Amino acid sequence: MRKRLLLLLFAQLAAGGTLAGEPVAVIAYAGMPKTDAAALQRLYTGRSVSIGQLSAMPVNLPAGNPVRQSFLESLLGQNDEQYTAYWLVRRYVGKGAPPKEVADIGEVLDYVRNTPGAVGYLPLSSVPPGVNVIFRR
């Protein structure tokens, strides 16, 4: 049993996962101001397209990713299924599309560094020096 648990843990970490409870940092393109949970909730639910006076484009990790799950639960109080259902209804009634999805943490970093207005999230331990952290949870 212990060996199986260790194998699952290593597989999760190798796939870009995090340990449960690891803090998540929200990062953004250079110049984006620091923000609060309410602004990020509006952004990731499509109720807002900006942070402060700047246009913002959120990016998500794929469904099932442990970092995404941690982010959704801590910021929105939702799990993957609830978040996906929310966007299914919102898209159906013509209220927009969910944030762009990228494959892994490395793609989040690349997208945020190279896309004006981009906003994404990473495990706090994966944030490299010099990245614009606009919120920590």
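**Salt bridges, a patch and a pocket**

User: How many salt bridges does the structure hold?

Analyst: This is a predicted model, so keep that in mind throughout. As for salt bridges, the structure holds two.

User: Which residue does Arg 68 meet at 2.7 Å, N to O?

Analyst: The side chain of Arg 68 is in a salt bridge at that N to O distance, and its partner there is Asp 80. Arg 68 sits in helix α3 (residues 66–76) and Asp 80 in helix α4, so the pair ties together parts that are 12 residues apart in sequence. The name you're after is Asp 80.

User: And how far apart are the closest N and O atoms of Glu 101 and Arg 68?

Analyst: Glu 101 also forms a salt bridge with Arg 68. That pair links distant parts of the chain, with Glu 101 in strand β5 (residues 100–101) and Arg 68 in helix α3, 33 residues apart. Together, Arg 68, Asp 80 and Glu 101 are linked in a network of salt bridges. For Glu 101 and Arg 68, the closest N and O atoms are 2.9 Å apart.

User: Is Arg 68 buried or exposed?

Analyst: The cut-off for buried is under 20% relative accessible area. Arg 68 comes in at 2% relative accessibility, so it counts as buried.

User: What about Glu 101: buried, partly exposed or exposed?

Analyst: Buried means under 20% and exposed means over 50%, with partly exposed in between. Glu 101 has a relative accessible area of 44%, so the call is partly exposed.

User: Which residues make the nonpolar surface patch of about 380 Å²?

Analyst: One of them is Tyr 92, placed in helix α4 (residues 80–92). Tyr 92 has a relative accessible area of 75%, so it is exposed. The full set for the patch is Val 89, Tyr 92 and Val 93.

User: What is the volume of the largest pocket?

Analyst: Start with the walls: 14 residues line the largest pocket, and Leu 43, Val 49, Pro 58, Ala 97 and Pro 99 lie nearest its centre. By class, that lining has nine nonpolar, three polar and two charged residues. The volume of the largest pocket is about 180 Å³.

User: How far apart in space are Ile 105 and Leu 61, C-alpha to C-alpha?

Analyst: Ile 105 belongs to helix α5 (residues 105–114). With a relative accessible area of 14%, Ile 105 is buried. In sequence, Ile 105 and Leu 61 are 44 residues apart, but in space their C-alpha atoms are separated by 7.5 Å.

Technical notes: Residues numbered from 1 in each chain as written. Predicted model: local features only at pLDDT ≥ 70, side-chain atom pairs only at ≥ 80, totals over all residues. Heavy atoms only, no water. Patch = residues over 30% accessible without salt bridge, like charges linked within 9 Å, V, L, I, M, F, W, Y side chains within 5 Å. Areas by Shrake-Rupley, 256 points an atom, 1.4 Å probe, with all protein chains shown as cover. Salt bridge = Lys/Arg side-chain N within 4 Å of Asp/Glu carboxyl O. Helix = DSSP H or I, 4+ residues; strand = E, 2+ residues; numbered from the N terminus. Buried < 20%, exposed > 50% of the residue type's maximum accessible area, 1.4 Å probe, protein only. 1 Å grid on protein atoms, 1.4 Å probe; cavity = no way out; pocket = protein on both sides within 12 Å on 5 of 7 lines; lining within 4 Å. Points joined across faces, edges and corners; volume = space filled by probe spheres on them. Nonpolar A, V, L, I, M, F, W, Y, C, P; charged D, E, K, R; others polar.
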